[in-house]
Amino acid sequence: MNEIELLNLIQKISLESFDYPFIGQVKINYRFKTTGGRYHLRDHHIEINAHFLKKEYRQDLVGIIKHELCHYYLHVHHMGYKHQNRDFKILLRNVGGSRYTPDIGLTRKKKYTYQCTNCQKLYYRVKRINLKKYVCGKCRHKLVLLK
Ligand SMILES: [Zn+2]
Ligand SMILES: [Zn+2]
């Protein structure tokens, strides 16, 4: 999905769920890690995390867009557009926007924790390691998988 398609989707959701046109711009953000999207008060543009543009995350993407459009709609109508505001909470619930960034594993990079049986040093790895081949780098003793 490119920026034009994303903008079309946002405009469509805006009309369907908010009965109000989105007139701002959209930007795809490739650096966001834990943030799904961001609404900019100054010029009404919305940034969306590039990870969520993949087909398999379409449901999550719609939830994020609705969340950002809640900020937008309430802001341009001079209502409570912040997370803690009552207006925001009610509108978010009504349109079915996501409250938090959906967890698609962007922050769960280190999956395996190993510990040395001797010096207790911890090792974090994304992939499983062969315990027959690898030993503690410090004291050369065996490692065990913790979780
Ligand atoms: Zn927000
Ligand atoms: Zn050790």
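Donors are N, O and S atoms within 2.8 Å of the metal. The legends below describe close-up views of a predicted model.

**View 1. The zinc ion (ligand 1) and its histidine donors.** Three protein atoms serve as donors to the zinc ion (ligand 1): NE2 of His 67, NE2 of His 71 and NE2 of His 83. Their distances from the ion run from 2.0 to 2.1 Å. Along the chain, the donors of the zinc ion (ligand 1) are spaced as H-x3-H-x11-H. Within this set, the pair His 71 and His 83 links distant parts of the chain, twelve residues apart. His 71 belongs to helix H2, and His 83 to the loop between H2 and helix H3 (86-95). His 71 is classed as buried because its relative accessible area is 11%, whereas His 83, with 46%, is partly exposed.

**View 2. The surroundings of Lys 66 in helix H2.** Helix H2 spans residues 58-76 and includes Lys 66. This lysine is buried but forms no salt bridge. Glu 16, the nearest side chain of opposite charge, lies 7.3 Å away, and a salt bridge requires a nitrogen-to-oxygen distance within 4 Å. The side chain of Lys 66 instead reaches the backbone oxygen of Val 95, at 3.0 Å. Leaving aside residues up to four places away in sequence, Lys 66 touches Ile 13, Ser 17, Phe 18, Val 95, Gly 96 and Gly 97.

**View 3. Cys 70 and Cys 139.** Cys 70 has a relative accessibility of 0% and therefore counts as buried. Cys 139 is partly exposed, since its relative accessible area is 22%. Zero disulfides are found in a search of the whole structure.

Methods
Residues are numbered from 1 along each chain as its sequence is written. Chains are lettered from A and ligands numbered from 1 in the order in which they are written. This is a predicted model: local features need pLDDT of at least 70, side-chain atom pairs count only at pLDDT 80 or more; totals for chains, interfaces and linings use all residues. Side-chain values use heavy atoms; hydrogens and water are left out. Helices (H or I, at least four residues) and strands (E, at least two) are DSSP runs, numbered from the N terminus. Buried means under 20% relative accessible area, exposed over 50%, partly exposed in between (1.4 Å probe, protein chains only). Lys and Arg count as positive and Asp and Glu as negative; His and the chain ends are not counted. A polar contact is a pair of N or O atoms within 3.5 Å; within protein, one must be able to donate a hydrogen and the other to accept it, and residues adjacent in sequence count only if both atoms are side-chain atoms. Contact means heavy atoms within 4.5 Å. A disulfide is a pair of cysteine sulfur atoms within 2.5 Å. Donors are N, O and S atoms within 2.8 Å of the metal (3.2 Å for Na, K and Ca); water is not among the atoms, so sites may look incomplete.
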